[in-house]
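This briefing considers how the parts of one protein model meet, which charged side chains pair, and where the backbone departs from the usual geometry. The sequence and structure are shown first.

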Amino acid sequence: MKIPDPLIERLRRSQRVAVLTGAGVSAESGVPTFRDAQTGLWARYDPAELASPEAFRANPTLVWQWYAYRRSLVEAAAPNPGHLALADLERRIADFTLITQNVDDLHRRAGSRNVVELHGNLFRYRCFDDDTPVELVTVPQDAPPRCARCGGLVRPDVVWFGEWLPPQAWRTAVAAAERCDLFLCIGTSGVVRPAADLPLIARSAGAYTVEINIAPGALDGQLDLHLYAPAGQLLPAMMSAAFGDAA
Ligand code: OAD
């Protein structure tokens, strides 16, 4: 796979790199997207009606069980060569921030360390009533446990429809976009705001911005370089081209 020279040079030279990833990065791990996960017992539910505070209030057990099911799908998956290439890139760049919209924890399992989770994480929990983080030693499958502090129901620590992004994560993501010299936008449709603004923020602050996706979408023509190929193939090829076979 031919990697354009300007990208190779920037990878070698950049001191500050920010990356935004979306569901496309996990596609080659076999992680089903929101909608694709609706099979079997869950086929009759609209995910938009399960992933909201209203849904949890109305039927906490149903929503909890849906998240237990989604966790089981992710636990059966493994990081792919795209995740591993990004963990490798982090080890080579002094100031590296990986911003992800994915809740599957695969970047961390691949070895990425400086990960900003804009939409939370399926494997973390907090109290629905007072928002306190909750550690669960064993995670019940059938119904949400209660918060030890206030007795409220425990929910997954993910962003639901109608909720704001975690403010600290968003601030960290914007700061990384503003100060980076290279911004990679990988496997995201670029339609869900405000995450989709990050590559444009980076570009207006002077970064070289690159999209990696299997097909042109909302970001087409808006960044400096667009590469259309599967991330699990392109990212390892990009690392080899920039850093040699040791990559
Ligand atoms: P989408 O499902 O909207 O888009 C996935 C993107 O990945 C598409 O642009 C595909 O073309 C691309 N893609 C698929 N396979 C790929 C591959 N092998 N290599 C590279 N690209 C590939 O997912 P996101 O953009 O992540 O929000 O969606 C953003 C948010 O919308 C999600 O985090 C979720 C959803 O509503 C919340 O849960 C809050």
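D181 counts as partly exposed, its relative accessibility being 25%. The model in which this residue is examined is a predicted one. D181 forms a salt bridge with R16, with 3.8 Å between the closest N and O atoms; the points below place this pair beside other charged contacts, the domain arrangement and the backbone geometry.

**Salt bridges between distant parts of the sequence**

- The structure holds 14 salt bridges.
- D181 sits in the loop between α7 (167-179) and β7 (182-186), and R16 in strand β1 (residues 16-21), so their salt bridge ties together parts that are 165 residues apart in sequence.
- R16 is likewise assigned to the partly exposed class, because its relative accessibility is 34%.
- A salt bridge also joins the side chains of R179 and D95, at 2.8 Å from N to O.
- Since R179 belongs to helix α7 and D95 to strand β2 (residues 95-100), this pair ties together parts that are 84 residues apart in sequence.
- R179 has a relative accessibility of 37% and therefore counts as partly exposed.
- In general, side chains of opposite charge can pair when their charged atoms come close.

**The salt-bridge network**

- Which residues are linked in a network of salt bridges? They are D105, R108, E117, R124, R126, D131 and D157.
- Within this group, the side chains of D105 and R108 meet at 3.4 Å, N to O.
- D105 is buried, because its relative accessibility of 19% falls under the 20% limit.
- R108, by contrast, counts as partly exposed at 31% relative accessibility.
- D131, another member of the network, is partly exposed as well, with a relative accessibility of 46%.

**The surroundings of D157**

- D157 is part of strand β6, which covers residues 154-158.
- Is D157 buried or exposed? Its relative accessibility is 18%, so D157 counts as buried.
- The side chain of D157 makes a polar contact of 2.6 Å with the side chain of R126.
- Apart from neighbours within four places in sequence, the residues in contact with D157 are H119, G120, N121, R124, Y125 and R126.
- Of these contacts, R124 and R126 also belong to the salt-bridge network that includes D157.

**Domain arrangement**

- The protein is divided into two domains: domain 1 comprises 5-31 + 79-119 + 165-243, and domain 2 comprises 40-75 + 129-158.
- Five residues from domain 1 and five residues from domain 2 take part in the contact.
- The C-alpha centres of domain 1 and domain 2 are 29 Å apart.
- About 350 Å² is buried between domain 1 and domain 2, and 61% of this area lies on carbon and sulfur atoms.
- On the domain 1 side, V103, R109 and H119 lose the most area to domain 2, and together they account for 64% of what that side buries.
- How many salt bridges does the rule find across the interface of domain 1 and domain 2? The number is zero.
- One residue pair is found in polar contact across this interface, with both residues at pLDDT 80 or more.
- The domain 1 residues that touch domain 2 comprise two nonpolar, one polar and two charged.

**Backbone geometry**

- Most residues other than glycine have a negative phi, and most peptide bonds are trans.
- The peptide bond from R193 to P194 is cis, its omega being near 5°.
- P194 is located in the loop between β7 and α8 (198-204).
- D105 is not a glycine, yet its phi is positive at about 70°.
- The loop between β2 and α6 (106-110) contains D105, the residue that pairs with R108 in a salt bridge.
- D131 also has a positive phi, of about 70°, although it is not a glycine.
- D131 is found in the loop between β4 (120-127) and β5 (133-134).
- D105 and D131, each with a positive phi, are both members of the salt-bridge network described above.

Conventions
Residues numbered from 1 in each chain as written. Heavy atoms only, no water. Domains from an automatic or database assignment. Contact = heavy atoms within 4.5 Å. Buried area = accessible area lost by both parts, 1.4 Å probe. Salt bridge = Lys/Arg side-chain N within 4 Å of Asp/Glu carboxyl O. Polar contact = N/O pair within 3.5 Å; in protein donor to acceptor, adjacent residues only side chain to side chain. Nonpolar A, V, L, I, M, F, W, Y, C, P; charged D, E, K, R; others polar. Helix = DSSP H or I, 4+ residues; strand = E, 2+ residues; numbered from the N terminus. Buried < 20%, exposed > 50% of the residue type's maximum accessible area, 1.4 Å probe, protein only.
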